[in-house]
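Work through the exercises below with the sequence and the structure side by side. Try each task before reading its solution.

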Amino acid sequence: MTARLRAPGLPRAGLFLVLGTLFCAAIIIAAREAYGFETFADGGITAKGQNAILLLSLLIAPLWFLIGLGAFDYWFYWAAGKKERAEDHSGHGATSWKDYFRVNTDHKVIGIQYVVTSFFFMLIGGLLAMLVRAELAAPGSQFVDPNVFNGLFSVHASLMIFLFIIPVFAGLANYVLPLMIGAPDMAFPRLNALSFWMLPIAGIMMTASFLAPGGSFSTGWTAYAPLSTSAPLGQMFFTIGVQFAGASSIATALNFLVTIITMRAPGMSFWRMPLLVWANFSTSLLVVIATPFVAASQFFVLFDYALGFNFFRPEKDGDVLMYQHVFWFYSHPAVYIMMLPGFGIISEILSVKSRKPIFGYRMMAFSLLAIVLLGFTVWAHHMFVSGMQDWIRIPMMVTTAIIAVPTGIKIFSWLATLWKGVLHLDTPMLWALGFLTMFTLGGISGVILAMVPMDIYVSDTYFIVAHIHYVLYGGSLFTIYAGVYYWFPKMTGRMFDERLGKAHFWLTFVSFNATFGPMHLVGVKGMPRRVADYAEEFAGWNLFISLSSFVLGLSTLIFIYNMVSSWRGGPRASANPWRALTLEWQVTSPPPTFNFDRIPTVVGGPYEYGVPGHVHGILEPAEEARPKQAAGASSAEEGV
Amino acid sequence: MGLEERSLAQTGPRPERPHAHADWKQMLGIGIVASILGIAAGLLIDWFPVAASEEAKPIDTLWDVLIIASVPVFVGVSVVVVFSVIKFRMRPGEEELDGPPIHGNTRLEVVWTAIPAILLVGLCTYAFIVLTDVEKAQANTMEVRVVGEQFAWTFYYPGEDGKEIATRELHLPINRPIKFTLQAKDVLHDFWIPAFRMKKDAVPGLDVTYRVTPNRLGEYPIVCAELCGLGHATMRAKAVVTSEAEFTSWLQEAAKPPAPPAGGGGNSGKALFTSNGCSGCHTLADAGSNATVGPNLDKVLADKDEAFIKTSIEDPSAEIADGYSDTMPKDYGQRLGEDGVDALAKYLSEVTKGG
């Protein structure tokens, strides 16, 4: 037992978590004693003392947990001047399921850790959504009080955004991206492992907030001050959880940037990168620039809440609107953090499944960068009714509308890619086509919302709820499903059940529209969002929406069953079941531990389907590969 | 030769696919018909609640214009997807076939960048005109100060000699431009009367204003649209649009009793209970309220005396009912005045006896 507690791993992490909490308790008790505040009273601990210990533990105990887990061991050796064993790959690769529960430096293991963890939190988030819909099935109060209700939708949104959509894309890219650019791993494998392990901390923290004294955080995922600075302790589970999720995604984004810039295989110029790599490059730029802003806004809330600062306290000359400006300066770009990787996935799938080069490859890459730039100029469209200065609304309306142009370019290019192709209508393709239509609908309601007078009327109504779900469910989640089905054979070495995959798509597609379509209508009719109760006139539609949402929730079970049973006993997948050109399909399924036996050489574009004799990459080093270069290899440069 | 190597070598010259031929004219025709049907449906749907202000009309028209501009875009994308799926899907025997290697078409790309850009700038210009139209100042404007707090609205009308008249119900004369000045006591709220189409946040520490001109008699719900805490969903009030004469007499009536802080009602405990927003959060059988935001008074006060109730109103943090947090506003002592608190405590202790 002592040996297990000395070696890095979950047992030692548990021990350190306890020690960390005791450490925080000691600091608080000592500090309170020093300032002459009571900590113990009536044989117990005072409420204020208890809150302070909990709050400090939220901040510090997770770091102890990470140390116990062994996430910092290598760096500690290095800092202490010990021999750091640079070539030690014992933490690399997985031979049994237990290897997924320790600090692992293999990007493929981390990728799967990410995907599975985020789908776990997606299921919790979905369950919370179904509880929300159950409460809203009829007017009046069904089974939860308003405090719990506000907690349900707040935790639902926070989990879906910070623990599902953002990290699941990072997970898919973690698995696929190094393979795609011909790299043996990510640039910083240990940082990669640390980034992953901060995620479950954030997720457990947000989910556990229901157990906090006074109930979970209940201010929505936007956590507007001053509601959030005056809320019970549960609010801090969000404020601090976001810090861990945010630190995780900043570190991952830096890792992606360095990997993409420095570790591309010979011959992989920027204009030969698959669009998924372009998409993650753009997303990482967004993350690195924008995420520090949400961290800042939440630290300000923390200071206001815990230390009595006055950033957002109006009675002490704090600025309430400043919270929204800083928050949205992250959170609007965050919408694109949740979209661009999906654009990359769709580009891969549509090209392979239509057996055609992606139409307008360079425009596709440029439009990604245009979205990154424009994404920083539109944040205040969330604030048209917030009481900010009037003049800024007009430039924000124009930039918000104009961001639809690069997005439109992408949609039209995908349509042109479909045109005259040989369409393989299997499960990944169905999800991609579903995305194309549903995301268009979400984009259109986005343009409607950009128009200031319209936004003044429908902001904070169910129209917004409909819009955000068309964008993030019909947009992001459809691309995530497409990507998971598409790379499932590569990740697991097994094929999924095609019939179940199609059933999953159709059931989801229909119930998704039945759930979120009518919300446009009730929103324009005047039903505000984030309400536990509503006027009698909305009863009919809400019942319909709730019933549809239960079907939507149940459709996920088909997916889970398909994934689990296919992984355990599906037919073996060949290396390249889709006949794709990109490099990840040129190695075995699943790939060898270090991806490529020898670093491959890239000799042409990634999507040259239909070009006779075209080759994207050769699994041999450059000097040996050169004489064999195929005749049509340079057509990417000529054709675009 | 393994699978990997086969995939590297692409297929030879493409055979013709006579079935895979989409007729542009047919597609365009279907697209136009579907767009017209879609636009017709979009315009026929009764989207909005009743329109009761001058501002409603231009905004509703803007909505119609946006529908007309949006439907063809969605129909266009969908029709191309559906046509591609039908015409170009892989037939048996085509498993190894590739499509034509088309990389791009500069003219087409310029066109589909330019058209949306022009369309969007056009829509923005129109929206800007509508915005200027609905926000412009008008003569003879009446100013009403609206104060939001957890979880009720109070309305202040300018009275004689600078004294304001406070009410819990919003009365407005018809066809008179109104300028609302929104304020918040605690957190963000949002003052929204759907029938008037306009809304804005009430922000602590700021005066936020907007204007409407009610033009239809009747009663309309007032909604708080910004999440403001436990009672957000129950933060409702009523806007009554009356004739100028009725409004004047109502305002005179409202000004009569010692207006703030008792509100529009009388001074009986029950009236105080409803007029001060207590019924927005607390269940109390006698007052006919069954809200569940705060503790159920029928239960928690059943065995309490008048003194306890008085303390609970003046200092709500003193003792908090199990399962509830300290969110009750702390200023009811000031608002109700000493007599008010006494009357309310007496009333509450009477009606919850033996409950």
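**Exercise 1: Unusual backbone in loops**

Pro226(A) sits in the loop between helix H7 (189-208) and helix H8 (234-262) of chain A; helices (H or I, at least four residues) and strands (E, at least two) are DSSP runs, numbered from the N terminus. The model is predicted: local features need pLDDT of at least 70, side-chain atom pairs count only at pLDDT 80 or more, and totals for chains, interfaces and linings use all residues. Residues are numbered from 1 along each chain as its sequence is written, chains are lettered from A and ligands numbered from 1 in the order in which they are written, and side-chain values use heavy atoms, with hydrogens and water left out.

Task: state which kind of peptide bond joins Ala225(A) and Pro226(A), then find a cis bond in chain B.

Solution.
1. The bond between Ala225(A) and Pro226(A) is cis, with omega about 0 degrees.
2. In chain B, Gln150(B) and Phe151(B) are joined by a cis peptide bond, omega again being about 0 degrees.
3. Phe151(B) lies in the loop between strand S1 (142-149) and strand S2 (152-158) of chain B.
4. For background, most peptide bonds are trans.

**Exercise 2: Helix H9 of chain A**

Task: check the length of helix H9 (residues 275-307) of chain A against 1.5 Å a residue, and say where H9(A) bends.

Solution.
1. The expected span is 1.5 Å times one less than the number of residues.
2. H9(A) has 33 residues and so should span 48 Å; its end C-alpha atoms are 47 Å apart, which agrees.
3. H9(A) bends by about 35 degrees at Ala290(A), and Pro292(A) follows within four residues; the bend is the angle between axes fitted to the seven residues ending there and the seven starting there.
4. Just after H9(A), Gly308(A) has a positive phi of about 70 degrees.
5. Asp317(A), in the loop between H9 and helix H10 (320-337) of chain A, has a positive phi of about 65 degrees although it is not a glycine.

**Exercise 3: The interface**

Task: describe how chain B meets chain A, using contacts, buried area and salt bridges.

Solution.
1. Contact (heavy atoms within 4.5 Å) links 91 residues of chain B with 104 residues of chain A.
2. The two chains bury about 8100 Å², 72% of it on carbon and sulfur atoms; this is the accessible area (1.4 Å probe) lost on being put together, summed over both.
3. Four salt bridges cross the interface, each a side-chain nitrogen of Lys or Arg within 4 Å of a carboxyl oxygen of Asp or Glu.
4. Glu135(B) and Arg393(A) form a salt bridge through their side chains (2.8 Å, N to O).
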